[in-house]
Amino acid sequence: MSGDEEPVVNLSEVLGEVYQEAALDLAIDYSVQPVPPLSQSDFQWVRWLMES
């Protein structure tokens, strides 16, 4: 309807909740290359993030 305001959504919060509810930390193995693979430097960066 004209004049209605668009809702504001905190996308980071929503994605965080989905990640937790779906237990993606248990389903995704971040220690192996994804398909398609990342560059070696990007893969090292991801591993560094996961260890932090």
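**Note on a predicted three-helix chain**

1. Helix α1 is followed by Ala 23, a residue with a positive phi near 50°. The model is predicted, and the points below describe its computed geometry.

2. Ala 23 sits in the loop that links α1 (11-21) to α2. Its phi is a positive value in a residue that is not glycine. Most residues other than glycine have a negative phi. Is Ala 23 buried or exposed? With a relative accessible area of 25%, Ala 23 is partly exposed, because buried is reserved for values under 20% and exposed for values over 50%.

3. At the other end of α1, Asn 10 acts as the cap of the N-terminal end. A side-chain oxygen of Asn 10 lies 3.2 Å from the backbone nitrogen of Ser 12.

4. Which residues make the nonpolar surface patch? Val 9, Leu 11, Val 14, Leu 15 and Val 18 form it, and its area is about 460 Å². Val 18 belongs to helix α1. The relative accessibility of Val 18 is 47%, so this residue counts as partly exposed. As background to the spacing of such residues, an α-helix has 3.6 residues a turn, so residues three or four places apart point the same way.

5. Further along the chain, a second backbone feature deserves a look. The peptide bond between Val 35 and Pro 36 is cis, with omega about -5°. Most peptide bonds are trans. Where is Pro 36 found? Pro 36 is in the loop between α2 (24-27) and α3 (40-51).

6. On the overall fold, the chain has 3 helices and 0 strands. In sequence order the pattern is α-α-α. The chain is more spread out than a compact globule, because its radius of gyration is 17 Å, well over the 10 Å that the globule rule gives for 52 residues. The C-alpha trace spans about 50 × 25 × 20 Å along its principal axes.

7. How much of the chain is buried? Buried residues account for 4% of the 52 residues. The accessible surface of the chain is about 4900 Å², and carbon and sulfur atoms contribute 59% of that surface.

8. For a reader opening the structure, three places are worth locating. One is Ala 23 with its positive phi, after α1. Another is the cis bond joining Val 35 and Pro 36. The third is the nonpolar patch that includes Val 14 and Val 18.

Note on methods. Residues are numbered from 1 along each chain as its sequence is written. This is a predicted model: local features need pLDDT of at least 70, side-chain atom pairs count only at pLDDT 80 or more; totals for chains, interfaces and linings use all residues. Side-chain values use heavy atoms; hydrogens and water are left out. Helices (H or I, at least four residues) and strands (E, at least two) are DSSP runs, numbered from the N terminus. Buried means under 20% relative accessible area, exposed over 50%, partly exposed in between (1.4 Å probe, protein chains only). Patches are made of residues with over 30% relative accessible area and no salt bridge: like charges are joined within 9 Å, nonpolar side chains (Val, Leu, Ile, Met, Phe, Trp, Tyr) within 5 Å. Accessible areas come from the Shrake-Rupley method with a 1.4 Å probe; for residues, only the protein chains shown count as cover. A salt bridge is a side-chain nitrogen of Lys or Arg within 4 Å of a carboxyl oxygen of Asp or Glu. A polar contact is a pair of N or O atoms within 3.5 Å; within protein, one must be able to donate a hydrogen and the other to accept it, and residues adjacent in sequence count only if both atoms are side-chain atoms. The radius of gyration is taken over C-alpha atoms; the globule rule is 2.2 Å times the number of residues to the power 0.38.
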